Amino acid sequence: MSENFKGQAILVVGGAGFVGSNLVLKLLEHNPREVVIVDNLLSSERSNIPEDARVRFIEGSIAEDKILAQLPPTLDYVFHLACYHGNQSSIADPIADHDNNTLTSLKLFEHLKSYRGLKKVVYAAAACAVAEKTYDAPSATTEDQPVSLYHDSPYSISKIIGELYGNYFFTRYQLPFVKARFSNVYGPREILGAGRWRGTVHTVWRNVTPSFIWRALAHEALPLDNGGQTSRDFIFVEDMARGLMACALRGKPGEVYNLATGKETTILELATIINRLTANPTPPDLKPARDWDRSGKRFASTTKAREQLGFQAEVAIEEGLRRTVEWTGAKAETIRRAIAKHAAKMREATARHAA
Ligand SMILES: NC(=O)c1ccc[n+]([C@@H]2O[C@H](COP(=O)([O-])OP(=O)(O)OC[C@H]3O[C@@H](n4cnc5c(N)ncnc54)[C@H](O)[C@@H]3O)[C@@H](O)[C@H]2O)c1
């Protein structure tokens with residue numbers, strides 16, 4: 001892979017974020033000329049940006065003309081990972097979601113349409129926006145799964161709109177647009193509480209894996225919505241970064257690829273592994289289903305990515321979680337500081353919820 005990114009100019013939008021910063025680190029291993037990061041630090045911390053002479057950080061929203069005007073006049077690869085994180089925040093503030101999850105894609109693609117020599121634009125699409133809603137035994141979600149017109153969150157709508165706009169710019173202007181449909185990513189550099197307050201306690205409790213690890217390290221009970229019967233396809237972030245790079249190098253413009261493991265893990269299984277790795281003696285707290293979440297059980301088909309990109313996830317969940325627990329312990333102070341920023345808002349939100 002090294003030769004293909006060597007000497008290249010690469011833009012990573014959302015590059016300070018969890019997946020984005022892991023991707024930047026992996027790209028730097030392959031000797032690019034320049035990696036430009038655009039990020040407004042809405043759901044990320046500046047500390048995630050690698051200190052490296054080849055990295056240029058532009059702070060601001062990619063939806064702003066003054067930020068777009070600072071991009072290099074030529075680029076080889078673009079990775080678009082900016083979003084308004086996440087489902088619950090988008091329900092609390094759909095307009096903020098529109099500004100940072102929909103408008104961002106449109107403004108970026110409109111700007112890039114006149115770039116000549118662009119090799120690939122890789123978009124972070126979401127498998128959750130297309131997966132079938134079922135609590136029965138699921139079948140693997142394939143890339144050609146029909147897309148519903150009924151979505152549970154503005155976030156999910158925005159992720160689909162990003163695909164639609166990218167497809168439009170591909171057919172109309174030959175933008176070399178490739179969609180990477182992410183399953184659930186976990187791993188180092190996902191900082192609980194990263195960025196600014198986004199209206200709900202999920203600003204801190206961003207995702208199930210880092211939240212469970214943090215709580216388990218404190219020997220707290222892990223809350224299992226719906227008794228932990230929900231299942232997901234969990235992919236380690238370094239595998240995801242490799243998958244994104246495979247999309248850039250070998251993805252066919254106009255195409256979509258699942259980046260996943262093809263394995264289903266229930267939240268109860270996830271909690272059990274995490275409790276074991278952290279020696280958490282407190283049993284899980286079984287809870288009812290969340291009102292907005294009808295996503296049920298799912299995992300993704302990996303056939304197309306394997307056959308057409310030569311991509312396969314390599315890190316098994318036990319090993320990935322072990323590395324994530326280790327990272328969380330090492331970065332506990334950074335995480336504690338990021339969580340503490342939101343202490344007052346968290347108290348208000350928790351009191352509102354209880355009232
Ligand atoms: N992590 C997952 O499990 C998962 C699953 C499906 C899809 N995705 C997609 O992958 C991408 C990365 O997700 P993540 O988990 O790393 O989240 P993240 O919140 O860590 O990263 C998103 C980044 O986008 C930045 N951002 C927000 N608005 C912006 C704007 N207007 N201009 C520039 N930057 C902006 C944020 O500050 C943040 O750094 C997102 O597009 C997300 O929708 C992630």
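**α9 against α11.** I started with this helix pair, working in a predicted model. Helix α9 covers residues 267–277 and helix α11 covers residues 317–330; their axes come within 10 Å and cross at roughly 50°. An angle between 35 and 65 degrees is neither roughly parallel nor roughly perpendicular, so I put α9 and α11 down as oblique to each other. I also looked up the hand of the crossing, and it is right-handed.

Next I listed who meets whom. From α9 I get I273, I274 and L277; across from them in α11 are I317, E318, L321, R322 and V325. Sorted by type, the residues of this contact come out as six nonpolar, two charged and no polar.

**P50.** I found P50 in the loop between β2 (34–39) and β3 (55–59). Is P50 buried or exposed? I counted 17 other C-beta atoms within 10 Å, and buried would take 20 or more, so P50 goes down as partly exposed. Skipping neighbours within four places in sequence, I have P50 in contact with V24, L25, L28 and V55. I also checked P50 against I191, 141 residues along the chain: their C-alpha atoms are separated by 15 Å.

**Whole protein.** I tallied 13 helices and 13 strands. The radius of gyration is 19 Å and the globule rule gives 20 Å for 355 residues, so I noted the protein as being as compact as a globular protein of that length. The C-alpha atoms fill a box of roughly 55 × 40 × 35 Å along the principal axes. I have 47% of the 355 residues as buried. Of the contacts with a separation of 6 or more, 82% join residues 24 or more positions apart.

Conventions: Residues numbered from 1 in each chain as written. Predicted model: local features only at pLDDT ≥ 70, side-chain atom pairs only at ≥ 80, totals over all residues. Helix = DSSP H or I, 4+ residues; strand = E, 2+ residues; numbered from the N terminus. Rg over C-alpha atoms; globule rule 2.2 N^0.38 Å. Buried ≥ 20, exposed ≤ 12 C-beta atoms within 10 Å, placed from the backbone. Contact = placed C-beta atoms within 7 Å. Axes fitted to C-alpha atoms, helices over the stretch in contact; angles between N-to-C directions. Parallel < 35°, antiparallel > 145°, perpendicular 65-115°, else oblique. Left-handed = near helix turned anticlockwise from the far one by under 90°. Nonpolar A, V, L, I, M, F, W, Y, C, P; charged D, E, K, R; others polar.
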